[in-house]
Amino acid sequence: MKPPPFEYVRAQSVDEALQALAGAAEPRLLAGGQSLLAMLNLRYVFPETLIDINDLHELAGIEASPGRVRIGAMTRQRRIETDAALAALAPTFPQALRLVGHRQTRNRGTLGGSLCHLDPAAELPTLALLHDATIEVAGPTGRRRLGAREFIAGYMTPGIGPDEMVTAMEFRPWAPGHGASFHEHARRHGDFAIASAGVLLEGDGDGRIRRAAICIGGLGATAQRLGAGEAALTGSRGEPEAVEAALESCGSLECLADFHGGPAFRLSVARTMLRRSLSAALEGMRRHGGGAA
Amino acid sequence: MMHRVEMLVNGTPHAASVEARVSLADFLRHALGLRGTHLGCEHGVCGACTVLVDGVSVRGCLMLAVQADGAIVETVEGLAGPDGRLSPLQEAFSAEHALQCGYCTPGMLMTLEELFRETPTPDEAEVREAISGNLCRCTGYQSIIRAAMRVADDNRRRAGGSDGAA
C-alpha cells in the first residue's frame, strides 16, 4: 500500500458528507479518485480523513432538455461521453470527453471531481467555462450557485469554501444546429493537453455569426475565455480575415511555460487547435443552417 | 481501523478485513493471492492493474478495496475456463506473440475483454483507442493489435450467417 493511513468515511447523503467535512481535520472528498488516489499513492497529499461520496447516487445523472442541461457532480465521465441526448444538444461534450484520460479512468472519474481538481488543462472545467455553466454547491448554510468564471478562482483552486461541495453543473444549451468543436493536442493520447480550444458558433440563419464563444485550456493557470476572438467573429460570416483576427487575439492570453516548452511554443499549439476548432465549428454552423432559433 | 469488505471475484465470494488505504489491486494480490493483476506505476498511467468492477474496466491502483465492497470483480484469472482452456482472446495473444515479458498482458486482456463485450467486431482504430491507456514496452503494440483483430475477424465470421439473414 502506498498512501499513509487515513480515516475513511462513506457518506450516505449530501448532509452526511457536509457534516463529515465540517467535523474532520484535514478532510478530502473522494469522488472518482482518478487524480486524488494517484496523488495519495505518490504522497503528494495526505488527508487525515477521506470522505467517500460514491454512494450519493442522487448526485449522478444527466437531465438534457433544450432549455437546460443539468449534470450531477457524481456522474461518471464515461456516462457524459456516451449520453445521446446531451450529445445532440451540446456536441462539444462527447468530442471533449473522449480526450479525458482513458476509458478506464473515465469509467470512474466524475464531473465534480474534475471540476474541483481544476487542472488548467482538464477538459470539463474548460467546457464549463465555454458554456457559461452554473456550478451548484452545497454547504452548511444550504445550496448556492455560482458562475463558472467565479468558480474557476485560480490555479487548481475552485472558488468554494473548505466546508462546501459541488453537487451539479447546469447550462443552457445553444440553439439547435449551432457549430461546435473541441480540439486539443497532447504528446500521447489521454495525457493532459498542452493546449485545447473549444468553440461554439451560433448563426442568424443567413450565414452570419450571431454569437460566439471560445475557451482555451492548458495555456495559463486556468482555462481562459478569448473575449477578443469572440468579438472579432460576432457579426462576421467567418471570413478568413475574421478567423485570422480571432487567432491573432490569442496573444492576449496568459501563457505559462512548462516542461513541454516555452510560452511561444505553447501559444502556437493553442492557435493551431483554435484554427481547427474554428474551421470545424464554422462548417458545422453552415451545414446545420446556422442554429437560428 | 479495519473495514469489512465482501466481493465476488471471478465468481467466488470473498470476505476480508482491510485497511482503508489498501488499493483494490493490492487487495487482490496480497489478501486473495490473485497475483495475475500486475502493478506498474501505481498512479494510473500504465494500465497493468486494469480489472473489471461491475462489468467496467478500472485502474486497480486508483480504487480502494473498501470501495469495491459489494462489487463483482473480474481479473485475468477469470478469463480461462475452469478446465484451464484459454479464452479466445488469450488464444489469440498466444498465437500472435502479443506478449514478451507479459507484465502488461493482464491489463491488456481485461481492457480488451471490456471492448469485445460491447463491440464484438471492433475495427483497428477502436482497438487502438481501447488500449491507449495500457503501456507495453516490449511488443511495439503491433502483435497486440493483430491478436485483437484476429478475435474481431473470428467474431465477424461467426456472425456472418445471421447478418445475411437479417
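These legends walk through several views of a predicted model with chains A and B.

**View 1. Chain A as a whole.** Let us start with the overall build of chain A, which has 12 helices and 14 strands. Along the principal axes, its C-alpha atoms fill a box of roughly 60 × 40 × 30 Å. The radius of gyration of chain A is 19 Å, which agrees with the value near 19 Å that a compact globule of 293 residues would have. Of the 293 residues in chain A, 52% are buried. Looking at contacts in chain A with a separation of 6 or more, 64% come from residues 24 or more positions apart.

**View 2. The domains of chain A.** How is chain A divided? Domain 1 covers 7-52, domain 2 covers 68-171 and domain 3 covers 179-291. To get a feel for the spacing, find domain 1 and domain 3 of chain A: their C-alpha centres lie 36 Å apart.

**View 3. Two helices packed together in chain A.** Here we look at helix α11 (residues 240-248) and helix α12 (residues 263-287) of chain A. Two packed helices are described by the angle between their axes and the distance between the axes. For α11(A) and α12(A), the angle is about 145 degrees and the axes are 10 Å apart. Their crossing is right-handed. Which residues meet here? From α11(A) come Val243(A), Ala246(A) and Leu247(A), while α12(A) brings Arg271(A), Leu274(A), Arg275(A) and Leu278(A). By class, the residues of this contact are five nonpolar, no polar and two charged.

**View 4. The surroundings of Leu115(A).** This close-up settles on Leu115(A), a residue of helix α7 (residues 111-117) of chain A. Is Leu115(A) buried or exposed? Leu115(A) counts as buried because it has 24 C-beta neighbours inside 10 Å, and 20 or more are enough for that label. Setting aside its neighbours within four places in sequence, you can find Leu115(A) in contact with Leu124(A), Pro125(A), Ala128(A), Ile135(A), Pro158(A), Val166(A) and Met169(A). Another residue to look for is Ala148(A), which is 33 residues away from Leu115(A) in sequence and 9.8 Å away in space, C-alpha to C-alpha.

**View 5. The two domains of chain B.** Now we turn to chain B, where the domain assignment gives domain 1 (2-78) and domain 2 (88-159). Taken over C-alpha atoms, the centres of these two domains of chain B are separated by 22 Å. Where they touch, 14 residues of domain 1 of chain B are in contact with 12 residues of domain 2 of chain B. On the domain 1 side, β3 (50-53) and β4 of chain B each supply at least two residues. Which of the elements gives the most to that side? It is β3(B), with three residues. Sorted by class, the domain 1 side has seven nonpolar, seven polar and no charged residues.

**View 6. Where chain A and chain B meet.** The last view shows the contact between the chains, with 26 residues from chain B and 24 residues from chain A. On the chain B side, strand β4 (residues 56-59) gives the most, with four residues. By class, this side of chain B has 10 nonpolar, 11 polar and five charged residues. You have already met β4 of chain B in the previous view, where it supplies at least two residues to the side of domain 1 that touches domain 2.

Terms used: Residues numbered from 1 in each chain as written. Chains lettered and ligands numbered in written order. Predicted model: local features only at pLDDT ≥ 70, side-chain atom pairs only at ≥ 80, totals over all residues. Contact = placed C-beta atoms within 7 Å. Nonpolar A, V, L, I, M, F, W, Y, C, P; charged D, E, K, R; others polar. Domains from an automatic or database assignment. Axes fitted to C-alpha atoms, helices over the stretch in contact; angles between N-to-C directions. Left-handed = near helix turned anticlockwise from the far one by under 90°. Rg over C-alpha atoms; globule rule 2.2 N^0.38 Å. Buried ≥ 20, exposed ≤ 12 C-beta atoms within 10 Å, placed from the backbone.
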